[in-house]
Amino acid sequence: MIIFNTTYHVADAVKDDFIAWLRSEYVPRATAERLLLVPQLTRIIGSERDGGASYALQFRAMSVNSLEIWQHTTGNQLAKDLTRRFGNNVVGFATLMEKIDV
């Protein structure tokens, strides 16, 4: 199981709009093909000290291959849409993680 995490830093001026857009547009489109599953959004505690807020959006994928397929189709378009809508008010970076049983 692969965990696809994107951490976003969001300017105060667009926080509410960003969260609403994630809920109404990004997550439904990201999961429509069923290549990404189990969306989870978390706020990073303590990130507000320097202005804005940080959030982590995670999905599960069955394999790196399925994530790559998603990235080349839906993921690239969503990234363009996010930049077009929020510009420099939202910046992010992605991390891939592999679940290991304890």
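**Close-up views of salt bridges, a pocket and backbone angles**

**View A. D81 and R84 both lie in helix α2, where they are three residues apart, about one turn of the helix.** The model shown in this and the following views is predicted. The side chains of D81 and R84 meet in a salt bridge, with a distance of 2.5 Å from N to O, and the two side chains are likewise joined by a polar contact at 2.5 Å. The two partners have opposite settings with respect to solvent: D81 counts as buried because its relative accessibility of 16% falls in the range under 20%, whereas R84, with a relative accessible area of 60%, is exposed. As a general matter, side chains of opposite charge can pair when their charged atoms come close.

**View B. The surroundings of D81 include a network of salt bridges that links this residue with R29 and R84.** When neighbours within four places in sequence are left aside, D81 is in contact with W21 and R29, so that R29 appears both among these contacts and in the salt-bridge network, while the cut-off for such a contact is heavy atoms within 4.5 Å. The place of D81 itself is in helix α2. Across the whole structure, the number of salt bridges is five.

**View C. A salt bridge joins the side chains of D17 and R85, the N to O distance being 2.9 Å.** This pair links distant parts of the chain, since D17 belongs to helix α1 (residues 15–31) and R85 to helix α2, with their positions 68 residues apart in the numbering. What is the exposure of D17 in this pairing? D17 is partly exposed, having a relative accessible area of 35%, and R85 also counts as partly exposed, at 47% relative accessibility; both values therefore fall between the limits of 20% and 50% that separate buried from exposed residues.

**View D. K99 and D101 form a salt bridge in which the closest N and O atoms are 3.7 Å apart.** D101 is exposed, with a relative accessible area of 70%, while K99, at 46% relative accessibility, counts as partly exposed. The distance of 3.7 Å between these atoms can be read against the cut-off of 4 Å that is applied to a side-chain nitrogen and a carboxyl oxygen.

**View E. The largest pocket has a volume of about 220 Å³.** Its lining draws two or more residues from each of three elements, namely β1 (2–10), α2 and β4 (90–98). Helix α2 supplies the largest share of this lining, seven residues. The lining as a whole comprises 16 residues, and those nearest the centre of the pocket are T6, Y8, Y26, A79 and L82. Sorted by class, the lining residues are eleven nonpolar and five polar, with no charged residues, a classification in which Tyr is counted as nonpolar.

**View F. S66, a residue of helix α2 (residues 64–86), has a polar side-chain atom at 2.9 Å from the backbone oxygen of S63.** With a relative accessibility of 10%, S66 counts as buried. Not counting residues up to four places away in sequence, S66 touches L35 and A61.

**View G. Two residues that are not glycine, R34 and V38, have a positive phi, of about 65° for R34 and about 50° for V38.** For context, most residues other than glycine have a negative phi. R34 is found in the loop between α1 and β2 (37–43), whereas V38 lies in strand β2. Are these residues buried or exposed? R34 counts as exposed at 61% relative accessibility, and V38 is exposed as well, with a relative accessible area of 55%, because the cut-off for exposed is over 50%.

Conventions. Residues are numbered from 1 along each chain as its sequence is written. This is a predicted model: local features need pLDDT of at least 70, side-chain atom pairs count only at pLDDT 80 or more; totals for chains, interfaces and linings use all residues. Side-chain values use heavy atoms; hydrogens and water are left out. Helices (H or I, at least four residues) and strands (E, at least two) are DSSP runs, numbered from the N terminus. Buried means under 20% relative accessible area, exposed over 50%, partly exposed in between (1.4 Å probe, protein chains only). A polar contact is a pair of N or O atoms within 3.5 Å; within protein, one must be able to donate a hydrogen and the other to accept it, and residues adjacent in sequence count only if both atoms are side-chain atoms. On a 1 Å grid over the protein atoms alone, a cavity is a set of points where a 1.4 Å probe fits but cannot get out, and a pocket is an open set with protein on both sides within 12 Å along at least five of seven lines; lining residues have an atom within 4 Å of a point. Grid points are joined across faces, edges and corners, and a volume is the space filled by probe spheres set on the points.
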